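Biologist: I am new to this structure and would like a close look at a single part of it. Please take the aromatic rings and describe what lies around them, then place that part in the rest of the chain.

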Amino acid sequence: MARSRKTKPFWERGYNGHVYWLGKAKLGKVTLQGAGAAPHRYTWEAGGRSGAADELPKAKQAVELAVAIANRQLDLFPQ
């Protein structure tokens, strides 16, 4: 019996940051701040949320969590 393959989101490294992709859809991104620009080193944006973190793994984890919550949350005004 053939199993269907489900595409998984993946991280792609870029200039001054990382991007979280699902196929050709951008789910979120983590950007490196300039030196002395902010108290945190990385800023992230995903699923209509944003934030900052001191370490890259924590910023990536926050993006993955925001994407997971956005996928499970019901729409406020269904169409």
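Modeller: A search of the whole structure, which is a predicted model, finds one aromatic pair. The partners are W11 and Y20, with ring centres 4.6 Å apart and planes at 35°, so the pair counts as tilted; the tilted class takes in what is neither under 30 degrees nor over 60. The two residues differ in exposure class: Y20 is buried, because its relative accessibility is 10%, while W11, at 22%, counts as partly exposed. The cut-off for buried is under 20%. W11 has a further partner in K60, which lies over the face of the ring at 5.2 Å from the ring centre.

H18 touches both W11 and K60. This histidine is found in strand 2, residues 17-22, and its relative accessibility of 16% makes it buried. Setting aside residues up to four places away in sequence, H18 also touches E12, R13, K29, V30 and L56.

Just before this strand comes N16, in the loop between strand 1 (10-14) and strand 2. With a relative accessible area of 38%, N16 is partly exposed. Apart from neighbours within four places in sequence, N16 is in contact with V30, T31 and L32. V30 is thus on the contact list of N16 and on that of H18. The C-alpha atom of N16 is separated by 9.2 Å from that of G34, which is 18 residues away along the chain.

Now the sheet. Its five strands form an open sheet in the order 1-2-3-4-5, with antiparallel pairing. Strand 1 and strand 5 (49-53) are at the edges and have a single partner strand each, so one side of each has no neighbour in the sheet. From one strand to the next, the twist averages 20°. In general, strands of a sheet pair through backbone hydrogen bonds.

Strand 2 and strand 3 run antiparallel and are joined by six bridges. One of the pairings sets V19 against K29 in strand 3; K29 is also among the contacts of H18. The hairpin of these two strands has two residues between them, and G23 there takes a positive phi near 70°.

Further along the sheet, strand 3 and strand 4 pair in the antiparallel sense over five bridges, and G28 stands opposite A46 in strand 4. Strand 4 (residues 42-46) is joined to strand 5 by five bridges, again antiparallel. Here Y42 has A53 of strand 5 as its bridge partner.

The remaining element is helix 1, residues 56-72, which lies across strand 1, strand 2, strand 3 (25-32), strand 4 and strand 5. Its direction is at about 15° to strand 4. L56 and K60, both touched by H18, fall within the residue range of this helix.

For the chain as a whole, the elements run β-β-β-β-β-α from the N terminus on, which gives one helix and five strands. Of its 79 residues, 19% count as buried. The chain exposes about 6,800 Å², of which carbon and sulfur atoms supply 52%. Among contacts with a separation of 6 or more, 17% are between residues 24 or more positions apart.

Note on methods. Residues are numbered from 1 along each chain as its sequence is written. This is a predicted model: local features need pLDDT of at least 70, side-chain atom pairs count only at pLDDT 80 or more; totals for chains, interfaces and linings use all residues. Side-chain values use heavy atoms; hydrogens and water are left out. Helices (H or I, at least four residues) and strands (E, at least two) are DSSP runs, numbered from the N terminus. Buried means under 20% relative accessible area, exposed over 50%, partly exposed in between (1.4 Å probe, protein chains only). Contact means heavy atoms within 4.5 Å. Rings of Phe, Tyr and Trp (its six-membered ring) pair if their centres lie within 6.5 Å; planes under 30 degrees apart count as stacked, over 60 as edge-to-face and the rest as tilted. A charge sits over a ring if NZ of Lys or CZ of Arg is within 6 Å of the ring centre and within 35 degrees of the ring normal. Accessible areas come from the Shrake-Rupley method with a 1.4 Å probe; for residues, only the protein chains shown count as cover. Two strands pair if DSSP finds at least two bridges between them. Axes are lines fitted to C-alpha atoms, for helices over the stretch in contact, and angles run from 0 to 180 degrees between N-to-C directions.
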